[in-house]
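User: Hi! I've just opened this one and would love a quick tour. Could you walk me through it?

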Amino acid sequence: MTNSASKATPTSASALSVRASAAHRPVSPLLFGLFYEDINLSSDGGLNANLVNNHSFEGVYLDPKHKELRALAMRTPTTKHLDRARHWETSGPAAKLSVLGTDAVASHGHYGRLTGGSGATLTNHGYPGDAGPSVAVRAGVNLRFTALARGPQGGSRCHVVLLAGDGNLVAEADFTVPAGDQWTQVVAELSPTRTVRASLQLVLPDGGTLDLDEVRLIPEDHWGAGDPRWSQGLFRRDLVEALRDLAPRFMRFPGGCIVEGLTLENAYDWKASVGPLAERRPNYNLWGMHRPDGDYSQSLQIGFYEYFLLCEDLGMEPMPVVSAGLACQFRSREVTPVDGADFSKVVQDTLDLIDWATGDPATNAWAAKRAAGGHPEPFRLNLLGIGNENHGPVYLERFERIRAAVDAHHPGLTIIMSSGTAPAGKAFDQSLAHARTCGDAKTVVDEHFYKSPAWFIDQVNRYDDYPRGGAQVFMGEYAAHVPTLPIPRRLRLPANTIKSAIAEAAFLTGVERNADVVAMTSYAPLLNHLESELWQHNLIDFDGFTVTPTANAAVQKLFATTLGERIVDLDGELPAGVFASASRSDDRLCVHLVNTTTIPQDVTLTVDLPLHGAGSATVLAAPHGIQPSRRMGSRERAKLLEDHLALAVHDGAVSLTLRPQSVSALEFGLASVS
Ligand code: AHR
């Protein structure tokens, strides 16, 4: 079959032969997955069900004086900025907040001490937290307030209040703490009467001194409620359900640039992200470079333990990504020497991760930590990424050393190799060539591309000639939209447009036709808090109350949910700008047709196997007359309208008209097994 990407001109009806009887090449069972990185407030402020900002008085932020351009010039300044009281405000008579304690992991860490007279108040606005009350409170959904607390100078009463932005009370409850140095867990149930943005207030009606730590405010409808495995961090339910709707088969985590860090010290430390929440110490988030005052901390309430549980709950293969001992090569030159103790630690941390996830708690200390969290059984672990967007000999040498250690320790994992930031050029070629000489089918090369819609359409046939039988491809990050972070907001291109979604659909037909060599794909970035002011083009938008999958997400979901197990070849000519792919299982045939043109296109399909009954089509199409504009804000993203049609079959043939700028997923029952 020929897919032409040249300028669209209407043609007479095109005929496609669907060779369902000769489908031998397997579709990768992991073709569609998710890439979850803490960008756009997608963890704290997003998936993390705890609505309290800087909940444990450990806030670590990016130095507000840090400028990305300075880092690009390889003069990365000190980046860590400790601001342990950030997001907490005091009011009322003589009210004062002191942050006390130490950062030592063996200790209790830091905690907040509120002192003052009668009515002294401590306020937290939630996330993003820089524009007043932002705690999303929903009428009828109870919230559980918990904290570690103590009254070092006598017992204390505390009044817990949710106060709306208009000053009205939304919910209230009380707790008391006994006098003494012992920390106790306090609990207060709050029953909101309104759906509103609010602030959490802790008021001392009698004045005095109250020590607080691990402050949590969790909606009762969070994911995993009542399940003992979910003993630490918790997820927001509606966001998890939106992820589940995409039918993902794997999840890549924790990044992204977060894996590498702005400096080596900033690289994601998985060991700090498991175990009791009170022992997890935050790191600053490098994406704070695009937030006001560097205001982005990784509290690690969502860490590797929660990530593996989420994978288990949604039936996804985990794909943890570990540091290769290189800071982000785009922003830094920090490299861990391969012959030193620091690199031995990089390797050992990787081996310990495997033990933590899969080991026997009776014999392995890391596995015992997993069991202590509530998961004595091993987690699934078949995939492992080494490095993110790393490249060149400096990377490949470290990749090989880590890979050799992993293979010796835990043979059989599929290892993902980075190829830099772009799908072409010297760095990319080096990784691809290296992977192809490995002669090891378990190496998968991670390709990243944030390119224009025109590039995606031009590259529909990208994988047709990739060699089979060796290294496979992981499209680990992609979107038909160029990154715009350094560009002033008023000059940025509209994001999440119909054009980008349709271009991605066209590209995915090429992926599906080559789903034997393309093993996995994951869109990027995944989640976006609409007030985060960060990456412009994402898969799912949300705020405290809403979750809005974009047009691009609709395309992802359609492809992932209408996919067979073997690739079906198509013969025939298609009009310019129309693209197709097909797959089948024993009893079902799925055909994808993408019309990128702005005119209707007629297509007739003839299937070479008997079909069972009528067919059906799910069609995503551009609403007539809506064009994205530069002024279009992220709350007005373009939408693809979804329609469902019955398809009449006559003598194995089906005719239909593809709507302008549309994606059609056709499904047929196969009458016989071949
Ligand atoms: O998806 C956002 C970022 O884009 C990722 O962190 C990085 O890998 C890529 O450059």
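Analyst: Happy to! First a term: buried means under 20% relative accessible area, exposed over 50%, and partly exposed in between, with a 1.4 Å probe and protein chains only. This is a predicted model, so local features need pLDDT of at least 70, side-chain atom pairs count only at pLDDT 80 or more, and totals for chains, interfaces and linings use all residues. Residues are numbered from 1 along each chain as its sequence is written, and side-chain values use heavy atoms, with hydrogens and water left out.

User: Great. Is Ser-14 buried or exposed?

Analyst: Ser-14 is buried, at a relative accessible area of 7%. Ser-14 belongs to strand E1, residues 14-19; strands (E, at least two residues) are DSSP runs, numbered from the N terminus.

User: And what is Ser-14 in contact with, leaving aside neighbours within four places in sequence?

Analyst: Its partners there are Glu-573, Leu-574, Pro-575, Asp-602, Val-603 and Thr-604. Contact means heavy atoms within 4.5 Å.

User: Switching to the ligand: which residues surround it?

Analyst: Phe-35, Glu-37, Gly-256, Cys-257, Trp-287, Asn-388, Glu-389, Tyr-450, Glu-477, Pro-525 and Trp-535. A residue counts as near a molecule if one of its heavy atoms lies within 4 Å of it.

User: Which side chains have an N or O atom by a ligand oxygen?

Analyst: Glu-37 has one 2.6 Å from a ligand oxygen, Glu-477 has one at 2.7 Å, and Asn-388 has one at 3.0 Å. A polar contact is a pair of N or O atoms within 3.5 Å; within protein, one must be able to donate a hydrogen and the other to accept it, and residues adjacent in sequence count only if both atoms are side-chain atoms.

User: Asn-388 again! What about Ser-418 in strand E21?

Analyst: Ser-418 is in contact with Asn-388 and Glu-389, among others, once neighbours within four places in sequence are left aside. The Ser-418 side chain also reaches the backbone oxygen of Asn-390 at 2.6 Å. Ser-418 is buried, with a relative accessible area of 1%.

User: Last topic: how many disulfides are there?

Analyst: Zero, where a disulfide is a pair of cysteine sulfur atoms within 2.5 Å.

User: Why does Cys-257 have no bond to Cys-328?

Analyst: Because the sulfur of Cys-257 is 4.5 Å from the one in Cys-328, its closest cysteine sulfur, which is too far for a bond. Cys-257 also counts as buried, at 9% relative accessibility.

Definitions and conventions:
Helices (H or I, at least four residues) and strands (E, at least two) are DSSP runs, numbered from the N terminus.
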